[in-house]
Amino acid sequence: MNDLSNYRKSYEKQVLLESEVDSNPLMQFRQWFCEVEDFGGVEEVNAMTVSSLGLDGFPKARIVLLKSYDENGFVFFTNYHSEKGRAIAANPQLCLSFFWPSMERQVIIKGIAKKVTENQSDTYFDSRPLGSRLGAIVSNQSEVIESYEQLAQELKTLEQITTEDQVHRPEYWGGYCVEPVSIEFWQGRPNRLHDRIRYTLTEDKLDWNIERLAP
């Protein structure tokens, strides 16, 4: 057995108090995101874990990059035909989580995923480097393939026969906006008495209830 019981860390950098948080969780998220970005120590501040319930009945989590957020929710892009995309089509209830160890913080978001508009997906797809756009076209995401070399050759062939103005977003690729119903902010504290502040959307979807949770 690989015993990891001595892996311990004392969290002592910050506190999170109800009297200091913003009444709007999206504004609180923005504040934390900017603070972590300014503090440094996290290579990709927008990296988040997206957890969904798979068609096989098992939950699955994977790292995806957050590409935008506003009062409507949190946006990421993917292949709609991928394992992830098929899972979302069957059950759009997702959990997003961010872990920012440099400031001993986590954010956990529960929400409902909805496709963004085709115009939004087109705009983002067109902003990607050419190689990334071509890669999205040749990759049948989540499908079994013969080898990496075969995939690389397909990309090379596409590069040779395609000009940049011919590269358009495929219909099976686009964005999701996760509209939050719950957002929890976790701040590490000494003796494992961590701060946990949870915002829950009210039934009329007009306001947020703010509660402290036991660590």
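The lining of the largest pocket has 6 nonpolar, 6 polar and 3 charged residues by class. That makes 15 lining residues for this pocket. The model is a predicted one, and the pocket in it holds about 310 Å³ of space. Look for its centre first. Phe77, Thr78, Arg128, Gln141 and Trp173 are the lining residues that lie nearest to it. Three elements give two or more residues each to this lining: β2 (59-65), β4 (73-79) and α4 (130-138).

Now turn to the second largest pocket. Its volume is about 240 Å³. Here 13 residues form the lining, and Asn72, Glu179, Pro180, Leu201 and Lys205 lie nearest the centre. Two elements, β6 (105-115) and β7 (173-187), each supply two or more of the lining residues. The top contributor is β7, with 3 residues. By class, the lining of this second pocket has 7 nonpolar, 1 polar and 5 charged residues. Set that against the 6 nonpolar, 6 polar and 3 charged residues that line the largest pocket.

Both pockets are found in a similar way. Rolling a probe the size of a water molecule over the atoms shows where empty space is left.

Go back to α4, one of the elements that line the largest pocket. This helix also packs against another, α5 (residues 148-161). Two packed helices are described by the angle between their axes and the distance between the axes. For α4 and α5 the angle is about 120 degrees, and the axes are 10 Å apart. Angles from 65 to 115 degrees count as roughly perpendicular, and those over 145 as roughly antiparallel. The angle here falls in neither range, so α4 and α5 are oblique to each other. Their crossing is right-handed.

Which residues of α4 meet α5? On the α4 side they are Leu134, Gly135, Ile137 and Val138. Facing them in α5 are Leu151, Glu154, Leu155, Leu158 and Glu159. By class, this contact has 6 nonpolar, 1 polar and 2 charged residues. Gly135 is in the contact, and Gly counts as polar. The charged class takes in Glu, and Glu154 and Glu159 are both on the α5 side.

Last, step back to the whole chain. How many helices and strands does the chain have? There are 5 helices and 9 strands. From the N terminus on, the order is α-β-β-β-β-α-β-β-α-α-α-β-β-β. The C-alpha trace spans about 60 × 50 × 40 Å along its principal axes.

Note on methods: Residues numbered from 1 in each chain as written. Predicted model: local features only at pLDDT ≥ 70, side-chain atom pairs only at ≥ 80, totals over all residues. Heavy atoms only, no water. 1 Å grid on protein atoms, 1.4 Å probe; cavity = no way out; pocket = protein on both sides within 12 Å on 5 of 7 lines; lining within 4 Å. Points joined across faces, edges and corners; volume = space filled by probe spheres on them. Helix = DSSP H or I, 4+ residues; strand = E, 2+ residues; numbered from the N terminus. Axes fitted to C-alpha atoms, helices over the stretch in contact; angles between N-to-C directions. Parallel < 35°, antiparallel > 145°, perpendicular 65-115°, else oblique. Left-handed = near helix turned anticlockwise from the far one by under 90°. Contact = heavy atoms within 4.5 Å.
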